[in-house]
Amino acid sequence: MTDITLAPIQPDQPSHLMATYGRQAISFVRGRGAYLYTEDGTEYLDALTGIAVCGLGHAHPVIAEAIAEQAATLVHTSNLFEIPWQTAAAQKLAEVSGMEEIFFSNSGAESNEGAIKIARKFGTQQGVSSPKIIVAEQSFHGRTLATLSATGNKKVQDGFAPLTNDFIRVPFGDVEAIQEAALQHPDIVAILIEPIQGEGGINTAPQGFSYLEEVRNICNQHNWLMMLDEIQTGNGRTGKYFAYQHTNIVPDVLTTAKGLGNGFPVGAVMTQGKAVGLLGPGSHGSTYGGTVLGSRVVYTVIDTIQKENAVENAAVVGGYIVDQLRAQLADKNVQVRGFGMMIGIQLPKDCGELVAIARDQHKLIINVTAGSVVRLLPPINMTQAQADDLLERLIALINNYL
């Protein structure tokens, strides 16, 4: 193996990176399970896992071995040829998702772009010349122009006008607003929502997951496609393989990414029922989508999640974390919400500064979203002991802050 050592970055050293990220003044050189390590060996408990990406933790030995073996064998041939690992990965994903057709992309945004194209194709086939899609306020679907237009966050849209006008926005969880939109806009062909809004603050609908059942009924009534963005909620994150499986419904279109590759960049858009067959040869594609390496990673991640019973673990240990947070913070005027290993703690005031305090004083990696929500996205295979470690650090953090 080539021995390459990076020299430490000097404070006055110019960077050639675009300044698109507000980076924290820390870097990690190694990870193992739920923990990250700096160059000097300092250990941090990672309750964010790369923003819901490393669901099985860092440097999982089975996944690392699969990546190394495949990288030394064959990485990419293009979709001009049959890719047995891609076929096998699609079969695995179909089994756990309940979907029929799968297209592999490289990211969540690309997966949602695919869903938007599917909705437009569906609308065109129905004779709708300008198909519209219902989306929710406070949603997040990506940063490409189409997915940015679908996103319900004016802050991330600022400066990128003109956005596409193909989206009709309604309050999240408001079924009556969806019905009113149907009366006012006869060109609606689909609805795209997150089962739980991650970037929006771990928002659950007031009626819980039954909201999805109500949306399914409306889509059936109007012959719309029901499209679920499970980029963040999928792959065991909420204690089911996909969050919609907390109900008895099945969407027409399902997107995912993040935990699908446990850190390897890969996503998928999936269809079933009346959405099957809408995209054919030449209508969609990706140079890197479903490479040999990426497909083997997807197969291995799903197989490992199944063998480790990680989804069930997320439900049990995640439920324990939520119960403990509610009990131990009962007098702090906070609201704890979420499912499985997707947990939000709504504080009574803005708390963005907690990210740095948690990191520097408690050696804990967290995230604050929507201004006042501490977001936890721990590994779905987190152990009880690690959960207790997380709780000890986090409760001390919040108690000292409020």
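1. Two strands are taken to pair if DSSP finds at least two bridges between them. In this predicted model, strand 7 (residues 188-193) and strand 8 (residues 225-229) run parallel and are joined by 4 bridges, so they meet that criterion. Within this pairing, Ile193 has Leu228 of strand 8 as its bridge partner. Helix 8 (residues 210-222) lies across both strand 7 and strand 8, and runs at about 150° to strand 8.

2. Strands 7 and 8 belong to an open sheet of 7 strands, whose order is 4-10-9-8-7-5-6 and whose pairing is mixed. Strand 4 (101-105) and strand 6 (167-170) are the edge strands, each pairing on one side only. From one strand to the next, the twist averages 20°. As general background, the strands of a sheet pair through backbone hydrogen bonds, either parallel or antiparallel.

3. Met270 offers a useful view of strand 10 (residues 267-271), in which it is found. The relative accessible area of Met270 is 0%; the residue therefore counts as buried, the limit being under 20%. Leaving aside residues up to four places away in sequence, Met270 touches Leu93, Ser97, Met99, Glu101, Ile102, Phe242, Asp252, Val253, Leu254 and Thr256. One of these contacts, Glu101, is 169 residues from Met270 in sequence, yet the C-alpha atoms of the two are 5.5 Å apart in space.

4. The aromatic residues deserve separate comment. A search of the whole structure finds 5 aromatic pairs. One of them is formed by Trp85 and Tyr299, with an edge-to-face arrangement, 5.4 Å from centre to centre and 70° between the planes. This pair links distant parts of the chain, since Trp85 lies in helix 3 (residues 84-97) and Tyr299 in helix 9 (residues 292-307), 214 residues apart. Trp85 counts as partly exposed because its relative accessibility is 28%. Tyr299 is likewise partly exposed, at 26% relative accessibility.

5. A further aromatic pair is made by Tyr241 and Phe242; this one is tilted, with 5.7 Å between centres and 45° between the planes. Both Tyr241 and Phe242 are buried. Phe242 is also among the residues that Met270 touches.

6. Two charged side chains are placed over tyrosine rings. The charged end of Arg30 sits over the ring of Tyr37, at 4.1 Å from its centre. Lys349 lies over the face of Tyr401, 4.5 Å from the ring centre.

7. Strand 15 (residues 373-376) has two pairing partners to consider. With strand 12 (residues 342-346), strand 15 pairs in the antiparallel sense over 4 bridges, and Ile343 has Leu376 of strand 15 as its bridge partner. With strand 14 (residues 367-369), strand 15 also pairs in the antiparallel sense, here over 3 bridges; Thr369 stands opposite Val373 in strand 15. Strands 14 and 15 form a hairpin with 3 residues between them, and Ala370 in the turn has a positive phi of about 55°.

8. Which residues of strand 15 lie on each side, and are they buried or exposed? Val373 and Arg375 are on one side, with Val374 and Leu376 on the other; all are buried, and both faces of the strand are covered. In a regular strand, the side chains alternate between the two faces of the sheet. The charged residue Arg375 is thus listed among the buried positions of strand 15.

Definitions and conventions:
Residues are numbered from 1 along each chain as its sequence is written. This is a predicted model: local features need pLDDT of at least 70, side-chain atom pairs count only at pLDDT 80 or more; totals for chains, interfaces and linings use all residues. Side-chain values use heavy atoms; hydrogens and water are left out. Buried means under 20% relative accessible area, exposed over 50%, partly exposed in between (1.4 Å probe, protein chains only). Contact means heavy atoms within 4.5 Å. Rings of Phe, Tyr and Trp (its six-membered ring) pair if their centres lie within 6.5 Å; planes under 30 degrees apart count as stacked, over 60 as edge-to-face and the rest as tilted. A charge sits over a ring if NZ of Lys or CZ of Arg is within 6 Å of the ring centre and within 35 degrees of the ring normal. Axes are lines fitted to C-alpha atoms, for helices over the stretch in contact, and angles run from 0 to 180 degrees between N-to-C directions.
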